[in-house]
Each structure stands twice: as structure tokens, then as C-alpha cells.
Amino acid sequence: MSEPTSTDREKKRPPLNGRRALPSNNSNAEENDVPEMDAFGLIPRGFNPKDYLRVVDIHMFKEPNEINKQQHHTDKYYNPKLIVRRGQPFQIQIDFSRPYDPEKDQIWLEYLIGRYPQPNKGTYIPILIGDVLKPGEWGAKITHRENNSIRLSIMSSATCIIGKFRLYIAIWTPYGIIRTHRNSATDTYILFNPWCQLDAVYLDDEKEREEYVLNDVGIVFHGDVNEVKLRSWSYGQFEENILDACLFLMDKAELELSGRGNPIKICRVASAMINSKDDNGVLAGSWDNLYDYGVPPSAWTGSVDILLEYYSSKQPVRYGQCWVFAGVFNTFLRCLGIPARLITNYSSAHDNNANLQLDFFLDDEGQVDNRLTKDSVWNYHCWNEAWMTRPDLPVGFGGWQAVDGTPQETSDGMYRCGPASVQAIKHGHVCFQFDAPFVYAEVNSDIIYSRMGKNGSQVIEKIDTTHIGKLIVTKGVGNDDMVDITENYKFQEGSAEERLALETAVMYGVKKQTTQPTTYQPQKDIEMDLQVQKVVLGSDFKVTIILRNKSRNSYTATTYLSGNIVFYTGVTKSEFKKHSFSAKLEPLLSNTFDVMITSAEYLNDLLDQASFHFFVTARINETGKVLAMQKAVVLEIPTLKIKTKGQMVVDRETSVVVEFTNPLKQTLENATLRLEGPGVLRTMKKEFRQIPAMSTLIWDVKCIPKRPGLRKLIASLNCDALRHVYGELNIQVQKP
């Protein structure tokens, strides 16, 4: 190899800088060169390092069945290196060239992370061997000595940086420090520790820790508040390379290593990195029903494929919608050891100006004017909650924090949301960071129906204070039940506490436009109700409008029904049904009107969420008052059947069969089937050119389960004419 020239050296020299500061240390993947011999000065000619104590081998006890991974609850990670949780002791063994003598041998351990390790930043950690370990502080002590070996118990700090550390053993000699050479086999991952009382993410309930940290399968609740649907999602936080992919996200976001011990900072940075807007993050969102050059959001069965594709390509993965962003975010949080759960809010407000009201403008005929109406009500919206203390807020606002990776509005210049204290949202303390007003509006907004009066004034026809945030749910602990957590976010509608929380939110700067009582006089004589029959894909159904005259006067009503195919975000794609009729309303009587909807009217325009939105307005001709009502309806979609052949045993090949019957009167083309199950099989995909009408498809897959216990298989079918087709099966995998 030729000697470097002087011009080469000049190129390598960093540019001059007038500040005495190291470059930012924001990559876990980058390393510095650590000298194996740090000389104190000139080394005498006769010096031989072999005359001093030498390290022959280091045993990390890193196998899944060995003490470290068992005690630290990291035995499920498919990763050959040592993975421990902070604030809790772990064991290593060092073999020397001769017996270790504490009287004359001076050794210490060095843990380094990043390219510019510094002691004051927590990125260079020298650990001397002492007699006792202090809880939650770095330290090491000898627990066993035998022949040429010592066993050490090492305690990490409870506020330690989360990431992959490099380990060196340093030995003092009179002429310099001798270190072990760089050995990636001794690399140690350190994660958050919900089992440690000194950790910011400490959770005191073992069953909750098993659910919110160790469960690698979850449930996404979707559909509509009147038609709750659920599907399983594979988080797969322990799968091969997922931990490295999650650490890469923080490198990509250029989060300073010294800030990576703080769950608040990690959540805030990750909520921006999960979406691709403004930072080329993990997932590109698409809500327009066009998914060219990508995977439709409904086809994903879990987070693993998405994170691994991003980790290898470094480019945003196409495509995601809210439950996909939330599923991937949950994987990231649980993988790093932050307790996390996925939340669904039904009838979720997307309030563009956070004024706590959604404005629906009606035209002269009483129908919604889409030109003027900019706010929308999502059938449902998914986000996450992460569990942590909030030392940056007053006492009492720790615990569950709302975080959201779906790009909706910018926060501090980037598309991100949270962490916002759920407790602060409930009590209206929206002044506390981060993004509490936006989350407060998602669950608490009022809907105002108004139209332009003849003199140009705004006439308010109806105020609906209960439609938004109707139901907020999450998966049960240790089961697949739906748990209603609406009361975590808000007091009961209409209660004194709820009014007080609203007044508090307004006081802290949430804009709330008050309406003059003179412009709003609710209609009391006539009541309207709207009912929709259960809808199975491909069948006809009926919509029923009920008008009740509670007065002793006779009225006539001009009624409009508008049926729309909508995105689950509440945005209309197309109107497929228009119907109007006049009704005579006799005193103290109810009138029922049925409107039939045929499959031919809606099938050609269906979207992948298969959701209808019916809007009914009735103008009372005698008074000029307008009644308005809306209802979202989700279609019943066929499901996939999953069966296994014979017993499932670890390391023994078995068969899984997926079945699907096409219920439509048309051939399905270019359908993709996916099947996955953490610990049982990695994602398998198969393309089918055609599935004829009313025919049954059978797919036989071979797999070798790797992990015993209760596991879950999840399948999805996807094609242009039919999406959101899922199936799942709980299986018991036996030990061999």
C-alpha cells in the first residue's frame, strides 16, 4: 500500500472551526477507532504486553436460555447479541491469561456508543470494578472467581442511552493502557426497562407489561361506531433485524445520542419519522384509492415487512393509512421497551383550525355544500399511547401519552403529534406540550350545521355536541376483548366536569367560537331518526327515515336523502343515491319512509374501506326550520378461513391452508394473498390471476414454527375490486 500524500492528509483534515466542539454524535451505526495500546509516553524497548494480564475471552451469556436474556425479558428477540434492559444487573465472564489479582491488576470496562464518545454525554462509560452495585447507577462487581476467570455483575444506569454499545476491557500497565481489540460479538444492546422502578417507563403491573411490551400481536379496531370491526396486526418487534431497523430510525432522524435515554424525545422524533412527509420517513400515506407502485394499506398484515423494507432501501414504503402508521409506531415503541398500545377513536374530528367545532355548511335545499365545508369526521382514527413519566409537566400528568404518526397537521414545522398527556386532555389542560389542543379537538369538537340566510347572515340549524369522540377503544390486557377507554379522554357528555374541562381548554387558548343564542333556536316540534339495514357486500338494502311530530299542529316536510361513497376519513368520493320526497306530518304521530338501495347503484364505485355515508335533511315548510342527520355505514366483507393440518410443533414442518370464497357476481382479478405469524412463519405472498365468481380458492403453505406457546396466524386478500378481506387463527405450538 502506498504512503498517503500530503494532499490526501489535507483532504482528511476536518475544516477549521472557531468553537471547541465535537461534531454532533447522532448515529448509533458510526464508530470511532479505539487504540489497543494507549501509551503514556515513550515505550521502552524491552516492553512486552504479554508480560501483563491479558484478556483471552469474554463470555456474554447471550443465548435466549441463558441468565441475561431470561432475567431481562429479552429472550424472544431473534438477535445473536446480548440485549439487556437498563437499571438492572447483567452478567459477563472474562477469561484472562493467568489468575486475576486485584492487588496488582487494575482493569476496567469501557462502553462506547457512536463516533464521538464523551463521558459527560453518556456516550463513553468507564466502569471500575467495586464492591457494591448502587441501584440505577453504572457499576461492576466480581461475583465469582475461578482459575483464570472472573464473573462480573454489571449494573447500567436507569437513565442510560438506548442503543447498541461497544465493549472494551482496559488493563493498566506502567507504560500505557492495553485494550481488547474491537469485537462485535461483545456488542450490547441496552433498552428501556418497564420492570425497573427508577426507569421513566416503569409500569407496575406484570400483566400489563406482558401485554404492552412483550405481546407481538395486537388488534386494530376499525369500521364505524355502530359497526365495530376488528382485525389482528402482527407487531413482530422481536423478529430478526427489527431492533436494528428501529435504531436506524433514530439515526435517520439525526436524534443526538445523548437524548436517546429520554422517552419523551424518542416518541416526538419517531412520530415524525413514521410518516414520510418532510423527512423521508418510513411510510408514505395515500388516501385517494390509487396505490400504483406500492402495496394498498389494507393488504399489510403487520409491521415487519414495512420496517425491513425501509431499513434496506432507506426510502419511504408505499402505502399507509392511520392504522398502518399506528401499527408500525407500536412495533417501534415495544421493540425499544416503551409500553405502548394502539387506540381507535370513532367519529374522530379533523378540525383544520382547532376551534373545537366542525362547520358543515348547507345549501338552499338543505344539502351539504362541499365547496364551503372543509372540516371532516373520520369514521375512525387510530393513534398510539406510550407509557412514561412527564418530569417536564406538573405532577399528575405522567402515564399514558397520546402519540400519532399519521400526518395530519404540522407541529413545530413537521408532521408529527405528541406526546400529549391523556390526563391533561381529559381535564382541558391543553397548555402542556405537545399538541394537546389538536388531540383535544379530535375527541371533543361540536358539529355546527349552518346555512346562509337571505340577508347574508349565518343561520345555525343544528348543533351536535355528542357526535365526535363517541367511542375510544383499545385491546384488552391478556385477551382480544375491546376495552372502552372513552372516560380516559373525556368526562361524560353534559356533566359538570365536562363543561369545566371545556372552559379550562378555552382558557388555555383553544379557540371556541360561541354562537349567539338569537341565531340558533332548535327545532322542538319535529324529531328525525335515521336507520340503515345491515349491509352485506353485493346485496340490496334499505334506509329508513322516521319523522315524529310531537306537537298538536300539522306540518309538511320536504326531505332529501343523499347516499355517498366515502373514504374512512369522511371525505366524499361520489354520490350514488339521491332521493327526495314530501311528507305530511299529522299531530302526535310518527311517519316511516323506506328507501331501497340496490347493489348495482353502489358496486362500481366502492372504495377499499367499503363505507357509505347517508345524509338526510328535512325542511319543515311551515316554519322554514331544517332538521339534519348523518350516518356512516360499513359493509359486511367476506373473510378468509385459515386451517392447520395436524399438530404444530417447534422445528417440525406443518401445513397451513387458507381458503376464500368469492361472493361477488364478477371475477376477481390480480388478487394477492398474504399470510404471516410471528414465531411461526415470515410473510408469505401469492398472486392469483383470477378468482371466478362464487368459486373457492385454496392455498396450502408449508411452515416450520420456531417459538412455542399461543401464536396467531394472520392473512389478508387484496385486489382492486375487494379489499379489507382478513382472516386469523389462534394456534398452540407445542415444544418438541
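This passage walks through a predicted protein model, from its overall layout to a few individual residues.

The model is predicted, so local features are described only at pLDDT of at least 70 and side-chain atom pairs only at pLDDT 80 or more, while totals for chains, interfaces and linings use all residues. Residues are numbered from 1 along each chain as its sequence is written, and side-chain values use heavy atoms, with hydrogens and water left out.

The protein holds twelve helices and 41 strands; these are DSSP runs numbered from the N terminus, with helices (H or I) of at least four residues and strands (E) of at least two. Its C-alpha trace spans about 115 × 60 × 55 Å along the principal axes. Of the 736 residues, 55% count as buried, where buried means under 20% relative accessible area, exposed means over 50%, and partly exposed lies in between (1.4 Å probe, protein chains only). Contacts, meaning heavy atoms within 4.5 Å, often link distant parts of the sequence: among those with a separation of 6 or more, 68% join residues 24 or more positions apart. The protein is divided into domain 1 (37-191), domain 2 (206-508), domain 3 (526-634) and domain 4 (641-733), with bounds from an automatic or database domain assignment. Between the C-alpha centres of domain 3 and domain 4 there are 39 Å.

Helix 3 (residues 206-214) is a good place to begin a closer look. At its start, a side-chain oxygen of D205 comes to within 2.9 Å of the backbone nitrogen of K207. R209, E211, Y212, V213 and L214 are the buried residues here, and they pack against strand 3, helix 7, strand 16 (340-350), strand 19 and strand 25 (471-475).

Helix 4 (residues 242-252) is mostly covered, with ten of its eleven residues buried. Among them are L243, C246, F248 and M250. The elements that the buried residues of helix 4 pack against include strand 9 (163-173), helix 5 (263-273) and helix 6 (304-313). Just after helix 4, E254 takes a positive phi of about 60°.

How far apart are the end C-alpha atoms of helix 11 (residues 496-507)? They are 16 Å apart, which agrees with the 16 Å that twelve residues should span at 1.5 Å a residue; the expected span is 1.5 Å times one less than the number of residues. The buried residues of helix 11 are E498, A501, L502, T504 and A505. Seen down the axis of helix 11, these fall within an arc of 160°, so they line one face of the helix; the arc is that of the directions from the helix axis to the C-beta atoms. An α-helix has 3.6 residues a turn, so residues three or four places apart point the same way. On the other side of helix 11, A496, L500, E503 and M507 are exposed. Helix 8 (422-426) and helix 9 (436-444) are included in what covers the buried residues of helix 11.

Turning to the strands, five of the six residues of strand 17 (residues 357-362) are buried. Strand 17 pairs with strand 23 (residues 446-452) in the parallel sense over six bridges, where pairing requires at least two bridges found by DSSP. One bridge joins L362 to R451 in strand 23.

Two single residues show contrasting surroundings. N549, in strand 28 (residues 541-549), counts as buried because its relative accessibility is 3%. The side chain of N549 reaches the backbone oxygen of L585 at 3.1 Å and that of E586 at 3.2 Å. Beyond four places in sequence, the contacts of N549 include D525, S554, Y555 and P587. D392, by comparison, lies in the loop between strand 18 (376-388) and strand 19 (399-404) and is partly exposed, at 35% relative accessible area. The side chain of D392 makes a polar contact with the side chain of R390 (2.9 Å); such a contact is a pair of N or O atoms within 3.5 Å, where within protein one must be able to donate a hydrogen and the other to accept it, and residues adjacent in sequence count only if both atoms are side-chain atoms. Not counting residues up to four places away in sequence, D392 touches I264 and Q433.

Some backbone details complete the picture. The peptide bond from R318 to Y319 is cis, with omega near 0°, and Y319 lies in strand 15 (residues 317-320). The bond from G418 to P419 is also cis. N147, in the loop between strand 7 (139-146) and strand 8 (149-155), has a positive phi near 50° without being a glycine.
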